[in-house]
Amino acid sequence: MITPMGQAAASGSEGGAATLADVVGVMDGLYPPGSAESWDAVGLVAGDPAAPVRKVLLAVDPVAAVVDEALEWGADLVITHHPLFLKGVHSVAATTFKGSVVHRLLTAGCGLYVAHTNADSAPRGVADALADLLGIVDRGPLVAHTDGAQTGIGRVGRLAEPATLAAFARRVAAALPATAQGVRVAGDLEATVTTAAVVGGSGDSLFDAVRAAAADVYVTADLRHHPASELRERATFEGPEGRPEAGTPFLVDVAHYASEWPWLTYAADDLQAGVAALLAQRGEEGTVTCRVSTNVTDPWSATFRAP
């Protein structure tokens, strides 16, 4: 099980001569900003494109604990999945909690870059990382950006190892970072699941796509009561005679942070390889050192049940 606590491992070389502009160019190539949703805010948030970058910290959320880790490690750049500024602002004064993040980073010479919905849909992005971790093979996008494209929202495919819903849910819990929420399940725990769909982050708006894909089980985050209840009521109504509770799709609800964290390792590996290739083209050796934050930035700290 991935237990996101303690010191994170770093990899790569600190001998590179990459600039922030170089790193941004590699990240934009991996996760084209134009593929982000129209409401999203991605790309370079803060930093001088001419500044050298040797250490990059990757995290899910641009919060104070991540800034603390970045500054303690001496990072030159923080890459996060979630935007710091998703809505327009009129001030980044250090008297606000978001302004404080920007000021602390820039004072230390550290930039901030965001890859959000463009990273969700890209090859080796958030969806692929989650699908790989859960053993989903022979897969494609749940909602393709264009016909036949390998980019798009979520992934759906066959489980490499079919299992009961209970066993699959335990596999999910063991594979993802531990959070206070844990893993919630809706459906017949003894039913066998052979196909699965995944969406990192909030996914109850895609129930129709999951049904159309005929997935046995759907793994996502932030499932709300009414959409989840209606989906399971419909599945039960249309379920097999004698075992209506076995109607699909079943639901596996995980913490938002946990569903997106696995992508950070892919991003770190691909960024290092991309920077190394770019420097080699210029006749230079080296790359950037990438570190994946193990700070649990899920906002919930505990769950209590009645005795």
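**Group meeting: a walk through the model**

Okay, let's start at the outside: the protein has an accessible surface of about 14200 Å², and carbon and sulfur atoms own 55% of that surface. Before I go on, please keep in mind that what we have here is a predicted model.

So what is it built from? You'll find ten helices and twelve strands in the protein. If you lay the C-alpha trace along its principal axes, it spans about 65 × 45 × 35 Å. For 307 residues, a compact globule would come out with a radius of gyration near 19 Å, and the protein has 20 Å, so the two agree.

On to the inside. Of the 307 residues, 48% are buried. And if you take the contacts with a separation of 6 or more, 70% of them come from residues 24 or more positions apart.

Here's one such spot to click on: Leu30, which is found in helix α1, residues 20-30. With 27% relative accessibility, Leu30 counts as partly exposed, because the buried class is for values under 20%. Which residues does Leu30 touch, leaving aside neighbours within four places in sequence? Those are Ala122, Asp270 and Leu271. Take Asp270: along the chain it is 240 residues apart from Leu30, yet their C-alpha atoms are separated by 7.9 Å.

Now, charges. The protein carries 20 positive and 35 negative charges, and the mean positions of the two sets are 3 Å apart. In general, side chains of opposite charge can pair when their charged atoms come close. How many salt bridges does that give us here? The count is 15.

My favourite group is a network of salt bridges that links Asp128, Asp132, Arg139 and Arg155. Let's go through two of its pairs. In the Arg139 and Asp128 bridge, the N to O distance is 3.2 Å. That pair links distant parts of the chain, eleven residues apart: Arg139 sits in strand β6, residues 136-144, and Asp128 in helix α5, residues 126-133. Arg139 is partly exposed, at a relative accessible area of 24%, while Asp128, at 11%, counts as buried.

Then the other pair: Arg155 also meets Asp128 in a salt bridge, this one at 2.8 Å, N to O. Arg155 belongs to strand β7, residues 152-164, and Asp128 to helix α5, so this bridge ties together parts that are 27 residues apart in sequence. Are the two partners buried or exposed? Both Arg155 and Asp128 are buried.

For another example, look at Glu238 and Arg234, whose side chains form a salt bridge at 3.3 Å, N to O. Glu238 is partly exposed at 46% relative accessibility, and Arg234 is partly exposed too, with 42%.

Last stop, Asp120, in helix α4, residues 117-121. Asp120 is buried, yet has no salt bridge. Why not? The nearest side chain of opposite charge is Arg155, and it is 9.4 Å away, whereas a salt bridge needs the nitrogen within 4 Å of a carboxyl oxygen. What does Asp120 touch, then, not counting residues up to four places away in sequence? The list is His81, Val126, Ala127, Gly152 and Glu260.

So if you open the model later, try Arg155 as a place to begin: it bridges to Asp128, and it is also the nearest opposite charge to Asp120. That's it from me, thanks.

How values were computed
Residues are numbered from 1 along each chain as its sequence is written. This is a predicted model: local features need pLDDT of at least 70, side-chain atom pairs count only at pLDDT 80 or more; totals for chains, interfaces and linings use all residues. Side-chain values use heavy atoms; hydrogens and water are left out. Helices (H or I, at least four residues) and strands (E, at least two) are DSSP runs, numbered from the N terminus. The radius of gyration is taken over C-alpha atoms; the globule rule is 2.2 Å times the number of residues to the power 0.38. Buried means under 20% relative accessible area, exposed over 50%, partly exposed in between (1.4 Å probe, protein chains only). Contact means heavy atoms within 4.5 Å. Accessible areas come from the Shrake-Rupley method with a 1.4 Å probe; for residues, only the protein chains shown count as cover. Lys and Arg count as positive and Asp and Glu as negative; His and the chain ends are not counted. The place of a charge is taken as NZ of Lys, CZ of Arg, CG of Asp or CD of Glu.
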